[in-house]
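Me: I would like a close look at a single part of this protein. Please take one helix and go through what it packs against.

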Amino acid sequence: MEEQSAPYDATVLDMTRLKALAHPIRIALLESLTRYGAQTACGVADRLGESSGSTSYHLRQLAKHGFVREVEGRGTARERWWERVPEAIQTTMAASPATRDATRILAKTVTGGQSRAVNSFIDHSDALPDGWADTSILMGATLHLTLEEAQEVSRRASEHLEQLLSPYRGRDSAGGTRPVELYLNYFPLIEPGDQP
């Protein structure tokens, strides 16, 4: 199955890649590599509280499906370094029932991790070095839109966010940088009459 096209350099996952990613350890590995840069299987295992055998296996599976890659020229035959492939990943609920089921698993795992990260920031932001907490924006909005307006907002938001973020993709924690996460949850609310 071919990858579907997505606007603004995002990759819409096909069913094979979606299934490969829809595993809690693999999502945690991808998040860790994204947040903290290249790591070994042992290093990321310590960070996640997993065994190095488990993280090594799941890193190889992520590499097989193009989510991570070995860092060239770093490590040894026994100690391989892994990094995330810098690509924006996008999923859609507007597909087959099997794709929607895999997307649900992936989305629930990812949003659970996002919720924990936001709550950790809220609870511990006073421990950050001066100025870092001031960069945060915790924002939400509820809009009443037609389908055409919702599609236009989605398209424009994707385009503008990709333009804003693309210069910073692929960098790791070095030279005074710190992992900063951006969540944009934009979706139609399910109303009582919508539920089966």
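Reply: What follows is a walk along helix α2 and its neighbours.

This is a predicted model, in which local features need pLDDT of at least 70, side-chain atom pairs count only at pLDDT 80 or more, and totals for chains, interfaces and linings use all residues. Residues are numbered from 1 along each chain as its sequence is written, and side-chain values use heavy atoms, with hydrogens and water left out.

First, the setting. The protein has six helices and five strands. Both are DSSP runs numbered from the N terminus: helices are H or I with at least four residues, strands are E with at least two. From the N terminus, the order is β-α-α-β-α-α-β-β-β-α-α. Of the 196 residues, 24% count as buried. Buried means under 20% relative accessible area, exposed over 50%, and partly exposed in between, with a 1.4 Å probe and protein chains only.

Now the helix itself. α2 covers residues 24–36, which is 13 residues. At 1.5 Å a residue it should span 18 Å, and its end C-alpha atoms are 18 Å apart, so the two agree. The expected span is 1.5 Å times one less than the number of residues. Buried residues in α2 are Ile 25, Arg 26, Ile 27, Leu 29, Leu 30, Ser 32 and Leu 33. Just after α2, Gly 37 has a positive phi of about 80 degrees.

Next, α5 (residues 97–124). Its axis lies 10 Å from that of α2, at an angle of about 45 degrees. Axes are lines fitted to C-alpha atoms, for helices over the stretch in contact, and angles run from 0 to 180 degrees between N-to-C directions. α2 and α5 are therefore oblique to each other. Under 35 degrees counts as roughly parallel, over 145 as roughly antiparallel, 65 to 115 as roughly perpendicular, and the rest as oblique. From α2, the contact uses Pro 24, Ile 27, Glu 31 and Arg 35; from α5, it uses Leu 106, Thr 109, Val 110, Gly 113 and Ala 117. Contact means heavy atoms within 4.5 Å. These residues divide into five nonpolar, two polar and two charged. Nonpolar covers Ala, Val, Leu, Ile, Met, Phe, Trp, Tyr, Cys and Pro; charged covers Asp, Glu, Lys and Arg; the others, Gly among them, are polar.

Then α4 (residues 52–64). The axes of α2 and α4 come within 10 Å and cross at roughly 80 degrees. That makes α2 roughly perpendicular to α4. Ile 25, Arg 26, Leu 29 and Leu 33 of α2 meet Ser 54, Thr 55, Tyr 57, His 58, Leu 59, Gln 61 and Leu 62 of α4. By class, this contact has six nonpolar, four polar and one charged residues. Take Gln 61: it counts as buried, at 19% relative accessibility. Its C-alpha atom is 8.5 Å from that of Arg 26, though the two are 35 residues apart along the chain.

Last, α3 (residues 41–48). The axes of α2 and α3 come within 11 Å and cross at roughly 105 degrees. The two helices are therefore roughly perpendicular. Ala 28, Leu 29, Ser 32 and Tyr 36 of α2 meet Val 44, Arg 47 and Leu 48 of α3. This contact has five nonpolar, one polar and one charged residues. Ser 32 is buried, with a relative accessible area of 3%. Leaving out residues up to four places away in sequence, Ser 32 touches Gly 37, Gln 39, Val 44, Arg 47 and Leu 48.
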